[in-house]
Amino acid sequence: MESEIRFLRSAMNPPDRTRDHCVAGTIGAKTVTILRSGVGPKNASRRLAQMTKGCDSQCVLSIGCAGALAPGIKVGDIVISEKIVDGTSKNDAYYPSLDLVGTARDCCEKLDIAFHAGTTVSTAEVAANPGAKAALSEKHDA
């Protein structure tokens, strides 16, 4: 969603004011590409594969608004994925770089930002009620 990446667009030099699905620019000394992929792991995978064809990326960050599955996670808290489960079909699991997870934890601690680390689940539909969230949390220990 545009609201999920607006802060990145404004941090680009020069700031990107378009609403394009894919834009490139710089943030600090890093060249970045921002891709708004759509909802769910299938859309993200398809759009990311299209974007990175012939591209030598150092890392990919997934940023988005999400509903908390676990009690105690508040609006505005950061969730750092140590394991990502594709909850749409096969329940495949993906594991991010331990270095990036450590860097994300360190940044949150240094900036005194509340964060939670653990398993996250990507689904094609919103878990819109407490029962659906509890079921996902229990099934995936998320």
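**Reading a predicted model through its definitions**

Modeller: A nonpolar surface patch of about 380 Å² is formed by Phe7, Leu61, Ile63 and Leu100. The model is predicted: local features need pLDDT of at least 70 and side-chain atom pairs count only at pLDDT 80 or more, while totals for chains, interfaces and linings use all residues. Residues are numbered from 1 along each chain as its sequence is written, and side-chain values use heavy atoms, with hydrogens and water left out.

Colleague: What makes a residue such as Phe7 eligible for that patch?

Modeller: Patch residues must have over 30% relative accessible area and no salt bridge (a side-chain nitrogen of Lys or Arg within 4 Å of a carboxyl oxygen of Asp or Glu); like charges are joined within 9 Å, and nonpolar side chains (Val, Leu, Ile, Met, Phe, Trp, Tyr) within 5 Å. Areas come from the Shrake-Rupley method with a 1.4 Å probe, and for residues only the protein chains shown count as cover. Phe7, which belongs to helix α1 (residues 2-11), has a relative accessible area of 48% and therefore passes the 30% limit.

Colleague: How do you know whether His140 is buried or exposed?

Modeller: Buried means under 20% relative accessible area, exposed over 50%, and partly exposed in between, with a 1.4 Å probe and protein chains only. His140 has 10% relative accessibility, so it counts as buried. This residue is part of helix α4 (residues 130-140), and beyond the residues up to four places away in sequence, His140 is in contact (heavy atoms within 4.5 Å) with Val85, Gly87, Asn91, Thr119 and Val121. Across the protein chain of 142 residues, 21% count as buried.

Colleague: Why is Tyr95 called exposed, and which residues does Tyr95 touch?

Modeller: Tyr95 has a relative accessibility of 59%, which is over the 50% limit, so it is classed as exposed. Found in the loop between β4 and α3, Tyr95 nevertheless touches Glu82 and Lys83 when neighbours within four places in sequence are left aside. Tyr95 and Glu82 are 13 residues apart in sequence, with a C-alpha to C-alpha separation of 6.3 Å.

Colleague: How do you know that β3 and β5 are paired strands?

Modeller: Helices (H or I, at least four residues) and strands (E, at least two) are DSSP runs numbered from the N terminus, and two strands pair if DSSP finds at least two bridges between them. Strand β3 (residues 78-86) and β5 are joined by eight bridges, so the condition is met, and the two strands run parallel. Within this sheet, Lys83 is placed opposite Thr119 of β5.

Colleague: What makes β4 and β5 the edge strands of that sheet?

Modeller: The sheet is open, with three strands in the order β4-β3-β5 and mixed pairing. Both β4 (93-94) and β5 (115-122) have a single partner strand, so one side of each has no neighbour in the sheet. Helix α3 (residues 98-110) packs on the sheet and touches β3 and β5; its direction makes about 155° with that of β3, where axes are lines fitted to C-alpha atoms, for helices over the stretch in contact, and angles run from 0 to 180 degrees between N-to-C directions.

Colleague: What makes β1 and β2 a pair, and which way do they run, parallel or antiparallel?

Modeller: Strand β1 (residues 22-27) and strand β2 (residues 30-35) share six bridges, where at least two are required, so they count as paired; they run antiparallel. Val23 faces Ile34 of β2, and Gly25 faces Val32. The two strands form a hairpin with two residues between them, and Gly28 in the turn has a positive phi of about 65°.

Colleague: Why is the phi of Asp112 worth a remark?

Modeller: Most residues other than glycine have a negative phi. Asp112 has a positive phi of about 55° although it is not a glycine, and Asp141 likewise has a positive phi, of about 50°. Asp112 lies in the loop between α3 and β5 and, with a relative accessible area of 71%, is exposed. Asp141 belongs to the segment after α4 and is exposed as well, at 67%.
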